[in-house]
Amino acid sequence: MPLYQHARIPLALGAIYLGLNALFGGPDFSPCTQGTSASKIAGCTALIDGTGLSGKNLSIAYLQRGLAHDDANELDAALSDYTAAIKADPKHAIAYSNRGHTYARMNELTLAMADLDAAEKLDPNLGLVYQNRAFVYSLQGNMEGAMVQAVRALEVAPRDPQNHYNLGVLKGLGGDTAGALAAYAKAVEVDPNHAGSYVNAGVILADQGDLDTAMVRYQKALAIDPDNVLAHHNLGVLHWRRQEWQKALEETGRAIALDRTFKQAYMIRAIARAQLGDIDGAYADNTAAIALDASYMVAYINRAEIQIHKGHHQEAIDDCSRAIALGPAAAELGYAHALRGQAQAKLGNTEEARRDFQKALEVAPDEKIAADGLASLGT
């Protein structure tokens, strides 16, 4: 059951936000850098269309609008703006780096690498290049290459907290949890407001069973960033693990309000709702998770359990069958067969129930529902 998630290695595209006027002079770029993504896009568009910008200043305006589109997950628009930034200033290394990042998000990894190579040639001391190249390598599954790039980024920009954070992510993915925690600690030493480092440190601590300290880390992240989706969700998971159902419901609800596509949050909220007696709400949340991901095995199993509770046994059989088809080697397979056997038995399908209970015990010998169900059928 995917209760936690490390954030992917994020790209610190916001590094250019500071000091634009001091660096380039001239226009006020603040409309491009303040407010929501929509207001930034509108502010940048007004600068691009109405102020006669050219050269580096025009390139910066396009770059900032590209960043806003990136933040809004409007990747085609971001790509177009980064390309316009490069056209306005062909030596704009950050524009190449950011376009490489966008190509990577679109899984155009060859194009991403080409842009990052171009950015490095223009500015070998730009840490963003190595951050973004580490991201590309991680997408390719080349974690050794990603680590080399992450270390290089730290060498170039040791005071950038994102570089320490990225190193922590890679160490965590490689199983070096002590090294990951040390990297996250260094990130918040450099920048006490680096919320992501508190979140990922909390993930590791929770996995190690230190729920109290993990909760402190998530709460610290939320004090910095009240809209941090992962912090809300992971707090909900901690409350779920402690069987604090109302608190789990509230925190996962906040995560869903911030990100309607967060399937794991729907699943945890469904469990909390079921425990609190809101069966219809639990059904709705599992259905929402399935609508987001039709291959989400656990959501089918959870919904099947609700269907049995409601007396909808054929529907439970259908959901279990979908789950079994999706996960023939999954850890939850035994439970799916046990539930399907239970529903078959309720419908009087004795032999079908027996086969499911036997299959459940083959793959999960301690599956109690299957053992009890098989015993109830007799010989």
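**Figure 1. Helices H12 and H13 are roughly antiparallel to each other.** This close-up comes from a predicted model. The two axes cross at roughly 165°, and angles over 145 degrees count as roughly antiparallel. H12 spans residues 195–207 and H13 spans residues 211–224. Their axes come within 8 Å. The crossing of H12 past H13 is left-handed. On the H12 side, the contact uses Ala 195, Tyr 198, Val 199, Ala 201, Gly 202, Val 203, Leu 205 and Ala 206. On the H13 side, Leu 211, Thr 213, Ala 214, Arg 217, Tyr 218, Lys 220, Ala 221 and Ile 224 take part. By class, the residues of this contact are twelve nonpolar, two polar and two charged.

**Figure 2. H20 packs against H21 at an angle of about 160°.** Helix H20 covers residues 333–346; helix H21 covers residues 350–363. The axes of H20 and H21 are 8 Å apart. H20 and H21 are therefore roughly antiparallel to each other. H20 passes H21 with a left-handed crossing. H20 brings Leu 333, Gly 334, His 337, Ala 338, Arg 340, Gly 341, Gln 342, Gln 344 and Ala 345 to the contact. H21 answers with Glu 352, Ala 353, Asp 356, Phe 357, Lys 359, Ala 360 and Val 363. The contact of H20 with H21 divides into seven nonpolar, five polar and four charged residues.

**Figure 3. Tyr 165 and Tyr 184 form a tilted aromatic pair.** A search of the whole structure finds one aromatic pair. Its ring centres lie 5.7 Å apart, and the planes meet at 45°. The pair links distant parts of the chain, with the partners 19 residues apart. Tyr 165 sits in helix H10, residues 161–173. Tyr 184 belongs to helix H11, residues 177–190. Tyr 165 has 3% relative accessibility, so this residue counts as buried. Tyr 184 is also buried, because its relative accessible area is 1% and the limit for burial is under 20%.

**Figure 4. Ile 268 in helix H16 is a buried residue.** H16 runs over residues 263–275. The relative accessibility of Ile 268 is 0%, so Ile 268 counts as buried. His 233 is shown with Ile 268; their C-alpha atoms are 8.7 Å apart. In sequence, Ile 268 and His 233 are 35 residues apart.

**Figure 5. Thr 350 in helix H21 is partly exposed.** The helix comprises residues 350–363. Thr 350 has a relative accessible area of 33%. This value falls between the limits for buried, under 20%, and exposed, over 50%, so Thr 350 is partly exposed. Leu 374 completes the view: its C-alpha atom and that of Thr 350 are separated by 9.8 Å. Along the chain, Thr 350 and Leu 374 are 24 residues apart.

**Figure 6. The chain behind the close-ups has 22 helices and zero strands.** Its C-alpha atoms fill a box of roughly 85 × 45 × 40 Å along the principal axes. The chain holds 379 residues, and buried residues make up 51% of them. Contacts between residues at least 6 apart in sequence were also examined. Of these, 53% join residues at least 24 apart.

Notes:
Residues are numbered from 1 along each chain as its sequence is written. This is a predicted model: local features need pLDDT of at least 70, side-chain atom pairs count only at pLDDT 80 or more; totals for chains, interfaces and linings use all residues. Side-chain values use heavy atoms; hydrogens and water are left out. Axes are lines fitted to C-alpha atoms, for helices over the stretch in contact, and angles run from 0 to 180 degrees between N-to-C directions. Helices (H or I, at least four residues) and strands (E, at least two) are DSSP runs, numbered from the N terminus. Angles under 35 degrees count as roughly parallel, over 145 as roughly antiparallel, 65 to 115 as roughly perpendicular and the rest as oblique. A crossing is left-handed if the near helix is turned anticlockwise from the far one by less than a right angle, and right-handed if clockwise. Contact means heavy atoms within 4.5 Å. Ala, Val, Leu, Ile, Met, Phe, Trp, Tyr, Cys and Pro count as nonpolar, Asp, Glu, Lys and Arg as charged, and the others, Gly among them, as polar. Rings of Phe, Tyr and Trp (its six-membered ring) pair if their centres lie within 6.5 Å; planes under 30 degrees apart count as stacked, over 60 as edge-to-face and the rest as tilted. Buried means under 20% relative accessible area, exposed over 50%, partly exposed in between (1.4 Å probe, protein chains only).
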